[in-house]
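Work through the exercises below with the sequence and the 3D view open. Try each task before reading its solution.

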Amino acid sequence: MEQVSSEHDSPLRRARAFAASAALIRNPVGDILMVQPTYKEPLELPGGYVEVGESPVEACLREVREELGIEIALGGLLVVDWAPAPSEGDKILFAFDGGQLSADQEADIKLRESEVSSWGYYPLSVIEARTPARLFRRIAQAAQADSTRYLEDGGTAGVTVLPRRPGHQALGSSVGCKAAVIFVR
């Protein structure tokens, strides 16, 4: 049977969004690990763009390995943010729970000096002062998330998300995740 295409499902109408992925890593008092990129002033979560053929989880793990020189296990997805920017186009940003680093992991951090000049744990009040507003909103939402949150431009978008089930699997090299159901009002 021949498929019939209409103007409504034309590939020309489909969004083409870049994807990026980051890890929210905390210390025991709840401060958040941020990196200082060498190529821009604002602090960032460890992470970066998803490459062709790579999943957001794989990108997050790769970026943490490249920026900090360590391996981590990811917990659940904290936020998905639709964040178009006039200068960069449409973007979908994923923030995963990076948990807490062990003392050994912290001691093993080796920065990719061409990309990251420093790292540290910061409270939300400092992050707010040292990041663009929409990045701060995304980080604050991720830090408060007890279930996956859908955001637009770092803010809530009238969406209710079912909480994750207790005992969800950590994500790592062999990905096992449980889907969340999103209801839009």
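The model shown is predicted, and the exercises deal with one pocket, aromatic pairs, salt bridges and a single threonine.

**Exercise 1. Describe the largest pocket and its lining.**

Solution.
Step 1. Start with the volume: the largest pocket has about 640 Å³.
Step 2. Turn to the lining, which holds 27 residues; K40, E44, K91, L93 and R138 are the closest to the centre of the pocket.
Step 3. Assign the lining to elements. Two or more residues each come from β1 (18–26), β2 (32–37), β3 (47–49), α1 (56–68), β5 (91–100) and α4. The largest share, four residues, is given by β5.
Step 4. Sort the lining by residue type: 15 residues are nonpolar, three are polar and nine are charged.

**Exercise 2. Find the aromatic pairs and state the geometry of each.**

Solution.
Step 1. Searching the whole structure gives two aromatic pairs.
Step 2. One of them is F18 with Y49, whose ring centres are 6.1 Å apart and whose planes make an angle of 65°. An angle over 60 degrees counts as edge-to-face, so F18 and Y49 form an edge-to-face pair.
Step 3. Place these two residues in the fold. Strand β1 holds F18 and strand β3 holds Y49, so the pair ties together parts 31 residues apart in sequence.
Step 4. Check accessibility. Values between 20% and 50% count as partly exposed. F18 is therefore partly exposed at 49%, and Y49 is partly exposed at 39%.
Step 5. W119 and Y121 also form an edge-to-face pair, with 5.6 Å from centre to centre and 80° between the planes. W119 has a relative accessibility of 26% and is partly exposed.

**Exercise 3. Count the salt bridges and examine three of them, then look for a network.**

Solution.
Step 1. The count comes to 12 salt bridges.
Step 2. Take R65 and E71, whose side chains meet at 3.4 Å, N to O. R65 is partly exposed, with a relative accessibility of 37%.
Step 3. Take E88 and K91, where the closest N and O atoms are 2.8 Å apart. E88 has a relative accessible area of 36% and is partly exposed. K91 is buried, because its 9% falls under the cut-off of 20%. K91 also appeared in Exercise 1, among the residues closest to the centre of the largest pocket.
Step 4. Take R134 and D153, with 2.7 Å between the closest N and O atoms. Helix α4 contains R134, while D153 sits in the loop between β7 and β8 (155–156), so this salt bridge ties together parts that are 19 residues apart in sequence. D153 is partly exposed at 32% relative accessibility.
Step 5. Look for shared partners. Salt bridges of this kind join E51, E54, R62, E63, E66, R112 and E115 into one network.

**Exercise 4. Where does T148 lie, is T148 buried or exposed, and which backbone oxygen does its side chain reach?**

Solution.
Step 1. T148 is in the loop between α4 (133–144) and β7 (149–152).
Step 2. The relative accessible area of T148 is 9%. Buried means under 20%, so T148 is buried.
Step 3. The side chain of T148 reaches the backbone oxygen of L77, at a distance of 2.8 Å.

Technical notes
Residues numbered from 1 in each chain as written. Predicted model: local features only at pLDDT ≥ 70, side-chain atom pairs only at ≥ 80, totals over all residues. Heavy atoms only, no water. Buried < 20%, exposed > 50% of the residue type's maximum accessible area, 1.4 Å probe, protein only. Polar contact = N/O pair within 3.5 Å; in protein donor to acceptor, adjacent residues only side chain to side chain. 1 Å grid on protein atoms, 1.4 Å probe; cavity = no way out; pocket = protein on both sides within 12 Å on 5 of 7 lines; lining within 4 Å. Points joined across faces, edges and corners; volume = space filled by probe spheres on them. Nonpolar A, V, L, I, M, F, W, Y, C, P; charged D, E, K, R; others polar. Phe/Tyr/Trp six-rings, centres within 6.5 Å; stacked < 30°, edge-to-face > 60°. Salt bridge = Lys/Arg side-chain N within 4 Å of Asp/Glu carboxyl O.
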